[in-house]
Amino acid sequence: THEYLIAYLSRLDCSSLTGLQKCWGYQYMVLPKMKWPLAIYDIPISTVSSWEQTTNSHLRKWLGVGHTLSSSCLFSHSSSVALPIDSLTDTWKVEKCRLLQSYQTSQDDLIRAVQPQVRSGRVWKAETQLHEAERDLVCEAVRGMVQPLSRAGIGFGDWKKPWEKMSEKEQQKEVLERVKDNIKKEREVQL
């Protein structure tokens with residue numbers, strides 16, 4: 001998979017596209033091609049982090065920024081100059097959670113009998129991330145709708161379907177969205 005990543009990045013690098021177009025190509029062509037291998041192979045997070053250093057150097061070169069720009073700034077979605085680029089490590093984390101969730105909620109009797117494990121290493125565990133995301137959503141359902149941070153009044157803000165009224169598919173989708181949000185919050189804390 002590392003060879004594929006290097007090949008994809010070098011193909012983009014050799015193309016006659018502009019830097020922003022190359023970043024777009026990374027986000028919408030390279031990352032989707034890497035999602036499946038990142039999910040199914042037992043690649044430790046330390047290896048993915050080293051791969052991310054390679055992708056970060058290409059992204060910095062394409063954007064025309066110096067090597068001192070931190071990866072937290074490069075992948076932040078809440079800064080004033082936020083770029084719509086996802087980190088390879090964050091993609092790895094989400095894909096590991098998606099794979100584990102698909103194993104846990106499978107309708108296949110064989111998969112439920114075997115109970116396959118998703119190995120993600122000692123530093124970061126997909127099981128804990130999924131459990132924390134589901135726990136947060138259940139706690140929010142118990143708490144109910146709360147007033148937004150601004151004093152806008154009752155009924156202001158986005159309405160969310162209550163947890164207990166969601167179908168199983170909707171709950172799974174919501175849990176993965178919460179996992180993504182938690183990963184983004186972890187990155188913001190590092191910033």
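The paragraphs below walk through a predicted model of a protein chain, from its overall make-up to a few individual residues.

In this predicted model, local features need a pLDDT of at least 70 and side-chain atom pairs count only at pLDDT 80 or more, while totals for chains, interfaces and linings use all residues. Residues are numbered from 1 along each chain as its sequence is written, and side-chain values use heavy atoms, with hydrogens and water left out.

A good place to start is the overall fold. The protein chain has eight helices and zero strands, where helices (H or I, at least four residues) and strands (E, at least two) are DSSP runs numbered from the N terminus. Read along the sequence, this gives the pattern α-α-α-α-α-α-α-α. The C-alpha trace spans about 50 × 50 × 30 Å along its principal axes. Of the 191 residues in the protein chain, 34% are buried; buried stands for under 20% relative accessible area, exposed for over 50%, and partly exposed for anything in between (1.4 Å probe, protein chains only). The accessible surface comes to about 12200 Å², and 55% of it belongs to carbon and sulfur atoms. Such areas come from the Shrake-Rupley method with a 1.4 Å probe, and for residues only the protein chains shown count as cover. Among the contacts (heavy atoms within 4.5 Å) with a separation of 6 or more, 68% are between residues 24 or more positions apart.

Helix H1 comes next. This helix covers residues 2-14, so 13 residues in total, and reaches 18 Å from its first C-alpha to its last, close to the 18 Å expected at 1.5 Å a residue. The expected span is 1.5 Å times one less than the number of residues in the helix. Leu5, Tyr8, Leu9 and Leu12 of H1 are buried. These four cover an arc of only 90° around the axis, which puts them on the same side of H1; the arc is that of the directions from the helix axis to the C-beta atoms. An α-helix has 3.6 residues a turn, so residues three or four places apart point the same way. The buried residues of H1 pack against helix H2 (19-40), helix H3 (45-63) and H5. On the face turned away from this buried side, H1 carries the exposed residues Glu3, Arg11 and Cys14.

The interior can be followed further through the largest nonpolar core, which has 37 residues. A nonpolar core is a set of buried Ala, Val, Leu, Ile, Met, Phe, Trp, Tyr and Cys residues joined through side-chain atoms within 4.5 Å. Tyr26, Leu38, Leu59 and Leu88 touch the most other members of this core. H1, H2, H3, H5, helix H7 (126-143) and helix H8 (168-190) each give two or more residues to it. Leaving aside neighbours within four places in sequence, leucine 38 is in contact with Ile43, Val48, Trp51, Leu88, Thr91, Trp92 and Lys96.

Helix H5 has 17 residues, which should span 24 Å at 1.5 Å a residue, and its end C-alpha atoms are indeed 24 Å apart. Because 13 of these 17 residues are buried, H5 is largely enclosed by the rest of the structure. What caps the N-terminal end of H5? The cap is serine 87, with a side-chain oxygen 3.1 Å from the backbone nitrogen of threonine 89. Serine 87 is found in the loop between helix H4 (71-74) and helix H5 (88-104), and it is buried, with a relative accessible area of 1%. The side chains of serine 87 and glutamate 52 are joined by a polar contact of 2.9 Å. A polar contact is a pair of N or O atoms within 3.5 Å; within protein, one must be able to donate a hydrogen and the other to accept it, and residues adjacent in sequence count only if both atoms are side-chain atoms. Not counting neighbours within four places in sequence, serine 87 is in contact with Tyr26, Glu52, Phe75 and Arg187.

Two glutamines offer a contrast in setting. Glutamine 172 lies in helix H8 and is buried, with a relative accessible area of 15%. Beyond residues up to four places away in sequence, glutamine 172 touches Gln101 and Thr105. Glutamine 115, in the loop between helix H6 (109-114) and H7, is exposed, with a relative accessible area of 56%. Its phi is near 50°, a positive value in a residue other than glycine.
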